[in-house]
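Trainee: I should like to request a close look at a single part of this model, set in the context of the whole chain.

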Amino acid sequence: MADKGPYYITTAIAYASGKPHIGNTYEIVLADAIARFKRQQGYEVFFQTGTEEHGIKIEEKAKTAGVTPKQFVDGAYNEIKRIWDLMNTSYDKFIRTTDTYHEKQVQKIFKKLFDQGDIYKGSYEGMYCTPCESFWTASQLVDGKCPDCGRPVQPASEEAYFFKMSKYAPKLIQYIEDHPEFIQPPARKHEMINNFLKPGLQDLCVSRTSFTWGIPVTFDEKHVVYVWLDALVNYITGIGYDAGGEHEELYKSHWPADLHLIGKDIVRFHTIYWPIFLMALGEPLPKQVFGHPWLLVGDGKMSKSKGNTIYADTLVDMFGIDAVRYYMIHEMPFDNDGVFTWDTMVERYNSELANTLGNLVKRTISMGNQYLGGVIEDRGVKDDMDDDLYATVLSAKAGVEEKMATLHVADAVTVIFDLFKRCNKYIDETTPWILGKEEDKKDRLSTVLYNLCDCITIGASLLFPYMPDTSKAILEQLGSKEISFDLLDKRGAFVSGTKVTEDPVTLFDRRKLEDVLKEVEKLYPAKPADAGEGDNDAALTELEHKAQIGIDDFDKLELRVGVIKACEAVEKSKKLLCSKVDVGDKTLQIVSGIRKHYSPEEMVGKRVMVIVNLAPAKLAGVESQGMLLCAENEKGDLALMTPEKDMPAGALIC
RNA sequence: CGCGGGGUAGAGCAGUCUGGAAGCUCAUCGGGCUCAUAACCCGAAGGUCACAGGUUCAAAUCCUGUCCCCGCUACCA
């Protein structure tokens with residue numbers, strides 16, 4: 001096969017905080033399909049994935065678990081790698097940000113950028129959480145509070161290193177506009193330019209002093225390198241970049257990357273910060289960044305028996321590796337989030353895998369054995385029907401290439417399954433079981449079955465990048481060999497006279513939805529029905545718990561019943577309501593992000609739970625002097641907390 | 001008037017750039033076939049292509065306005 005040159009593809013590195021769920025697993029499978037396809041086309045592919053192992057969160061999780069951070073990430077790494085391997089992904093390199101060579105390069109890179117003036121020492125203005133000793137930027141805050149402990153934060157400043165983002169912004173805008181294919185899907189590009197680049201980039205804080213589980217800055221040891229700088233450069237350190245210019249061969253041949261495959265949530269880091277870091281280092285920018293949508297877990301009707309966290313290994317146990325790969329690859333729209341449901345999983349499995357594909361292979365081989373003793377020869381008795389069959393089959397390769405060129409991976413798979421469907425139709429058109437009964441039609445019969453084996457060989461070969469095991473299994477049953485990609489648009493992939501297997505195995509056993517649901521029920525036992533609807537059953541959700549506190553911590557809070565006297569929408573906001581709340585001896589003005597759930601009218605008169613002694617803050621320019629407490633479920637629905645008996649405004653909650 | 005994406009058959013989606021008889025999968029109904037995994041093949045029913053205007057011989061597709069949904073951002077103390 002012709003060598004088409006290097007192709008470097010990466011996934012984002014997975015955060016080593018626990019077992020990856022199917023949403024995380026989707027990315028590696030998608031990347032694997034692309035990588036395998038590119039190899040098939042003849043590219044010299046290098047496919048990198050890995051784990052991000054630093055940061056305060058990991059430091060804390062390790063503490064909670066009573067192990068060292070390193071022990072903790074070793075465990076997470078093993079689990080992540082196990083899932084990646086389970087999914088049969090063909091990565092060439094698995095990088096860990098705790099790998100020594102990576103840490104060394106990060107330190108050299110930091111130093112280099114400092115020496116050339118792109119990184120400078122300044123002070124970090126941010127929101128500080130005293131108990132956690134952590135700084136947060138406004139965007140990191142969760143509900144305006146510390147994302148870790150949920151407590152209020154105060155403005156503060158500390159010494160930190162900054163990267164001069166603004167210096168490179170014009171060059172980056174130019175690059176993005178000159179390379180319309182750089183950010184995919186295109187919608188993301190507009191978000192980046194309009195939300196970040198056009199308003200002006202802020203310098204990025206690239207060091208922290210608030211935790212130690214990170215890569216130390218060599219010349220100022222109380223600082224560790226900010227996690228994103230550490231993480232992003234994995235794409236170059238993994239293939240042998242050296243900040244001193246002593247690059248390894250792999251780096252020379254494969255950088256810049258052809259594709260960074262990442263989740264849509266981190267597009268900003270990959271299309272703004274990462275390119276700017278590279279510009280500062282004087283290295284070329286990656287050719288394309290694709291922010292893929294998310295694979296979500298929907299709930300649908302059978303909610304009682306379902307959880308929110310589904311892991312790939314659970315699915316593999318039930319359906320097999322390739323069926324899960326198929327689902328992940330095929331059920332995802334190009335730029336909309338996809339949803340996993342058990343119904344859809346079973347439906348795709350039965351309809352496409354068992355019926356269309358599995359059954360096709362089985363019936364073809366069975367007929368070959370039944371009528372021809374298993375030896376399939378092309379005896380040259382042709383018919384117009386054959387040309388029509390081949391018209392579809394031989395154009396499939398071009399169809400797949402076209403779809404893959406724009407990363408429409410799901411559509412590429414559809415093209416292949418259209419091929420298999422056409423084969424099923426051909427069987428009905430040619431009625432081999434009738435030909436088989438008449439001695440003088442034997443030659444025609446043989447040709448018909450030859451054509452089928454030929455077409456299935458082509459289809460199975462095209463299928464390889466997406467469902468490698470299935471592809472191999474089909475070819476093996478046909479007695480066929482792996483076919484060079486260049487030959488997949490020509491007749492004759494299947495060698496005339498080949499003997500097919502005597503007892504074809506069923507590739508995909510049909511599954512009954514009710515049986516699957518029973519298994520699911522066992523795996524995810526439903527919580528005893530307490531509420532009426534039960535449609536947001538959280539039985540299996542792993543809740544994140546906060547550190548235990550003492551009664552004295554609780555005593556710091558002043559919680560009282562408040563009565564809402566007046567309420568109006570905050571004009572400049574979509575989410576905020578501004579309420580005047582009577583808390584007994586005074587009326588507080590409180591701004592809350594609940595506009596989606598409550599109208600100003602219905603708020604008035606409600607008795608609610610209020611934190612009275614929260615430091616005031618401005619939201620959308622409006623001062624807020626407290627906080628209304630709400631319960632929130634995983635879907636984001638909110639409900640105000642109200643006393644279950646009538647209590648007066650100002651009643652202490654304790 | 002912050003930026004962007006979307007609203008197409010019961011469900012899930014394609015088609016919109018480059019106007020030219022509304023398509024795919026599943027589900028439903030009818031028929032065919034029996035090699036095969038209750039499979040496979042054919043056909044039918046089912047859509048005012050969010051709404052209202054406009055351009056055009058012709059609009060799901062182009063233009064204008066309106067209504068909903070969803071991301072991102074600012075701001076969910």
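How many helices and strands are there in chain A, and what can be said about the packing of α2 with α3?

Mentor: The model is a predicted one. In chain A there are 21 helices and 27 strands. The chain has 654 residues, of which 52% are buried. Among its contacts with a separation of 6 or more, 75% join residues that are 24 or more positions apart.

Now to the part in question. Helix α2 spans residues 56-65 and helix α3 spans residues 69-86. Their axes lie 8 Å apart and form an angle of about 95°. Because angles from 65 to 115 degrees count as roughly perpendicular, α2 and α3 are described as roughly perpendicular to each other. On the α2 side, the contact involves Ile-58, Lys-61, Ala-62 and Ala-65, which meet Pro-69, Phe-72 and Val-73 of α3. By class, this set of residues comprises six nonpolar and one charged, with no polar residue.

The second largest pocket offers another lining to examine by class. It holds about 250 Å³ of space. Its lining consists of 14 residues, and those closest to the pocket centre are Gln-40, Ser-461, Phe-464, Glu-482 and Ile-483. Two elements, α1 (22-41) and α18 (468-478), each give two or more residues to this lining; α18 gives the most, with four residues. The lining of the second largest pocket divides into five nonpolar, four polar and five charged residues, whereas the contact of α2 with α3 has six nonpolar, no polar and one charged.

How values were computed. Residues numbered from 1 in each chain as written. Chains lettered and ligands numbered in written order. Predicted model: local features only at pLDDT ≥ 70, side-chain atom pairs only at ≥ 80, totals over all residues. Heavy atoms only, no water. Axes fitted to C-alpha atoms, helices over the stretch in contact; angles between N-to-C directions. Parallel < 35°, antiparallel > 145°, perpendicular 65-115°, else oblique. Contact = heavy atoms within 4.5 Å. Nonpolar A, V, L, I, M, F, W, Y, C, P; charged D, E, K, R; others polar. 1 Å grid on protein atoms, 1.4 Å probe; cavity = no way out; pocket = protein on both sides within 12 Å on 5 of 7 lines; lining within 4 Å. Points joined across faces, edges and corners; volume = space filled by probe spheres on them. Buried < 20%, exposed > 50% of the residue type's maximum accessible area, 1.4 Å probe, protein only.
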